[in-house]
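Student: I've just opened this one and I'd like to understand the labels people put on it. Can we go through them together?

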Amino acid sequence: MEIKSCETNPYVELMYSEFKDWSFDKHAVENKGLWRQKVFHCNDESPVDLEIGTGNGTHFAQLTKKFPERYFIGLELKYKTLVQSIRRSLREGCRNGRMARMRAEKICDLFESKEINNVYIHFPDPWPKKRHHKNRLIQTQFLKDLYSVMREGSFVEFKTDDYPYFLWAIDFFRKSSFTISFYTEDLHNSYRKDKNFVTHFESLFLQKEQPIFCCVLKK
């Protein structure tokens, strides 16, 4: 594949060279239904989790390190943060993570029905202006698609610092097929505080004493 933008973005070249075995671009769709067999070389019962929007990869690396028996796929659009995510995981000595440069809205192009387990959605773009709300990730169709590709007994962990978006999301969650098993408007003063991994992005809000809104959905 010809790389046209590597002169201005060296992370593009890194994705197709040093990290080519750990990341996928548009050809990620070729793994649909085959992530366990073709990519992770594990059995069909092995858990494969998904993080949507890995940012600089601190949480993604934490997941791959803390749960070596599980496999993880991270979705990220920016080349730099995609490379940072897989690089952090590899530096921890982990080999159970892969990254895909794909939009989360195309999740049904990426996974077969009931192919993945737990899903993490942390601090998605809130698109605060009303005319941009159509761009928000949490929508009716996305939740239907997400539900369809997840296995029974799995969960979705959703966190945001944006209260209006949290209320928006909760409304969609309640109308979806998921069950809300946990809800808080102040995660760091809840009983789940000790179970929570503070991402780099999250730490910036905590320094400003900004509450973190969180809910967990069960299938």
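Student: How many disulfides does the structure hold?

Tutor: Zero. Before we go on, this is a predicted model, where local features need pLDDT of at least 70 and side-chain atom pairs count only at pLDDT 80 or more, while totals for chains, interfaces and linings use all residues. Residues are numbered from 1 along each chain as its sequence is written, and side-chain values use heavy atoms, with hydrogens and water left out.

Student: Why is Cys-214 not bonded to Cys-215?

Tutor: A disulfide is a pair of cysteine sulfur atoms within 2.5 Å. The sulfur of Cys-214 is 6.3 Å from its closest cysteine sulfur, the one in Cys-215, so that's too far for a bond.

Student: And what about Cys-94?

Tutor: Its closest cysteine sulfur belongs to Cys-42, 16 Å away, which is again too far for a bond.

Student: How do you know whether Cys-94 is buried or exposed?

Tutor: Look at the relative accessible area: under 20% is buried, over 50% is exposed, and anything in between is partly exposed (1.4 Å probe, protein chains only). Cys-94 has 8%, so we call it buried. Cys-214, at 1%, counts as buried too.

Student: What makes Trp-168 and Phe-172 a tilted pair?

Tutor: Rings of Phe, Tyr and Trp (its six-membered ring) pair if their centres lie within 6.5 Å; planes under 30 degrees apart are stacked, over 60 edge-to-face, and the rest tilted. By this rule the count comes to 12 aromatic pairs. For Trp-168 and Phe-172, the centres are 5.0 Å apart and the planes at 40°, so the pair is tilted. Both residues lie in helix α7 (residues 163-175), four residues apart, about one turn of the helix.

Student: Why is Trp-168 called partly exposed?

Tutor: Because its relative accessible area is 22%. Phe-172 has 17%, so that one counts as buried.

Student: What kind of pair do Phe-158 and Tyr-165 form?

Tutor: Edge-to-face, with 6.0 Å centre to centre and 90° between the planes. Both Phe-158 and Tyr-165 are buried.

Student: Which charged end sits over the ring of Trp-168?

Tutor: That of Arg-136, at 4.8 Å from the ring centre. To count, NZ of Lys or CZ of Arg must be within 6 Å of the ring centre and within 35 degrees of the ring normal. Arg-192 also lies over a ring face, that of Phe-182, at 5.0 Å from the ring centre.

Terms used
Helix = DSSP H or I, 4+ residues; strand = E, 2+ residues; numbered from the N terminus.
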